[in-house]
Structure formats: structure tokens, C-alpha cells
Amino acid sequence: MLQNFAKTIRLDASTDAVWDAVNDVRRVASWVSIVREVRDVDPPRRYAALLEDRLGPFAMRADLDLNVERGDGRRMRVTASGEDRQVASRIAATIELAVESDGAGTSLGVTGRYEITGKVATLGAGAIRKKGDRILQEFFDSASRELGGHTGIDAATLRRS
């Protein structure tokens, strides 16, 4: 099951403060409750993380490899992949973040895709999409709380394909 997404939020914090926040892998991981721990592998480019969640009848516990690439300007690409051997499922994600000045504040744009295969994928696209939407919203809510976000941006800005 492959899912694409895109969303931009506006934050009151300065562009530098937002960029510093998204560059702190542990801080960003704390914005998503299913990430249990982050370990250094070869910082600031490579990390490992433990993902734990319940999806329908499945209790997932996957070790993820994270690769962080910083591009020109304030752009970053994070790729993650891992496997839960207990439930014979794989997860892969590519996430691109863009931090840009937005008048008096900063916009944080996040685009990407994730794919879940194996037994967990048998739950169907609807269940996985709903769970994915909740996790993404949790990320944006946490970023907004920490960095002074605006609540006027609704879930309709989340694009699926």
C-alpha cells in the first residue's frame, strides 16, 4: 500500500528556529508517538529508530534505518526503511521538508510517501491511510505547539494520491 502526502503549515517561529528544530532528529522523533527511540549510527546523516504501533490486530515493532540528506537552502530529505519480522511486514518512507520565510513567520512544507507491505497491508488501504493521516497530524500539531503554529490550516491541505 503506497500513500503520497503533502502539507504546509505556517509557524510563528523564525526560519532559523524552525530549521534548527527539524535538524534535531530526536526532537522531531518526539513529535510522533510511535517512534520509541532514536540511536546515532553516523550523525548527522544516519540514525536508527524503533517504531512501535498497533494497527488493527497487529502489534508492529520495526527497526528503522534513517538517512538524512540536507540540500541547498533549508531543504531536507529523510528516507526510512525497516521491517517487522514478527508480522512479516515492511515499511518505507521518503519525506522532504522545506523551511521558508513567510512574511512575519515561517512555512514548513512536508511532502512524501510511505509504503507498507506484508501482513499489515492486508488490513486495507483505508485503515492504513487513516492511521497515516493521524500520525501526520500528530507531527504537525506537535510542531505547531513547539514553534507557534497557526491552527487555521485544515486537513484538506493533506493531498493523497
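Me: Where does Ser144 sit in this model, and which helix holds it?
Reply: Happy to start there; keep in mind that this is a predicted model. Ser144 touches Ile9, Leu11 and Gly149, leaving aside residues up to four places away in sequence. As for its own element, which spans residues 125-147, Ser144 belongs to helix 3.

Me: Is Ser144 buried or exposed?
Reply: The cut-off to use is that buried means under 20% relative accessible area. Ser144 has a relative accessible area of 17%, so Ser144 is buried.

Me: Which residue of strand 7 is the bridge partner of Phe5?
Reply: Good one to trace on the structure. Strand 1 (residues 2-11) and strand 7 (residues 105-118) run antiparallel and are joined by 10 bridges. In strand 7, the residue bridged to Phe5 is Gly112.

Me: How many bridges pair strand 6 with strand 7, and which residue of their hairpin takes a positive phi?
Reply: Strand 6 covers residues 89-102, and its pairing with strand 7 is antiparallel, over 14 bridges. One position to look at is Arg90, which stands opposite Thr117 in strand 7. The hairpin has two residues between the strands, and the residue with a positive phi, near 65 degrees, is Gly103.

Me: How many aromatic pairs are there, and what is the geometry of Phe5 and Tyr114?
Reply: The count comes to three aromatic pairs. Phe5 and Tyr114 form one with 6.2 Å centre to centre and 35 degrees between the planes. Planes under 30 degrees apart count as stacked and over 60 as edge-to-face, with the rest tilted, so for Phe5 and Tyr114 the geometry is tilted.

Me: How many residues apart are Phe5 and Tyr114, and are they buried or exposed?
Reply: This pair links distant parts of the chain, with Phe5 in strand 1 and Tyr114 in strand 7, 109 residues apart. Phe5 has 6% relative accessibility, and Tyr114 has 10%. On those values, Phe5 counts as buried, and Tyr114 also counts as buried.

Me: What kind of aromatic pair do Phe139 and Phe140 form, and which residue joins them in a cluster?
Reply: Their ring centres are 5.2 Å apart with 80 degrees between the planes, and the pair is edge-to-face. Phe139 and Phe140 are both buried. Ring pairs link Phe139 and Phe140 into a cluster with Trp31.

Me: How many salt bridges does the whole structure have, and which parts does the pair of Arg26 and Asp40 tie together?
Reply: The search finds 12 salt bridges. In one of them, the side chains of Arg26 and Asp40 meet at 2.9 Å, N to O. Because Arg26 lies in helix 2 (residues 25-30) and Asp40 in strand 2 (residues 35-42), the pair ties together parts 14 residues apart in sequence. Arg26 is partly exposed at 40% relative accessibility, and the parts tied together are helix 2 and strand 2.

Me: Which residues share a salt-bridge network with Glu52?
Reply: Glu52 meets Arg36 in a salt bridge of 2.9 Å, N to O. Glu52 lies in strand 3 (residues 46-55) and Arg36 in strand 2, so this pair ties together parts 16 residues apart in sequence. Glu52 also forms a salt bridge with Arg61, where the closest N and O atoms are 2.0 Å apart. Through shared partners, the residues in one network with Glu52 are Arg36 and Arg61.

Technical notes. Residues numbered from 1 in each chain as written. Predicted model: local features only at pLDDT ≥ 70, side-chain atom pairs only at ≥ 80, totals over all residues. Heavy atoms only, no water. Pairing = 2+ DSSP bridges. Helix = DSSP H or I, 4+ residues; strand = E, 2+ residues; numbered from the N terminus. Buried < 20%, exposed > 50% of the residue type's maximum accessible area, 1.4 Å probe, protein only. Contact = heavy atoms within 4.5 Å. Phe/Tyr/Trp six-rings, centres within 6.5 Å; stacked < 30°, edge-to-face > 60°. Salt bridge = Lys/Arg side-chain N within 4 Å of Asp/Glu carboxyl O.
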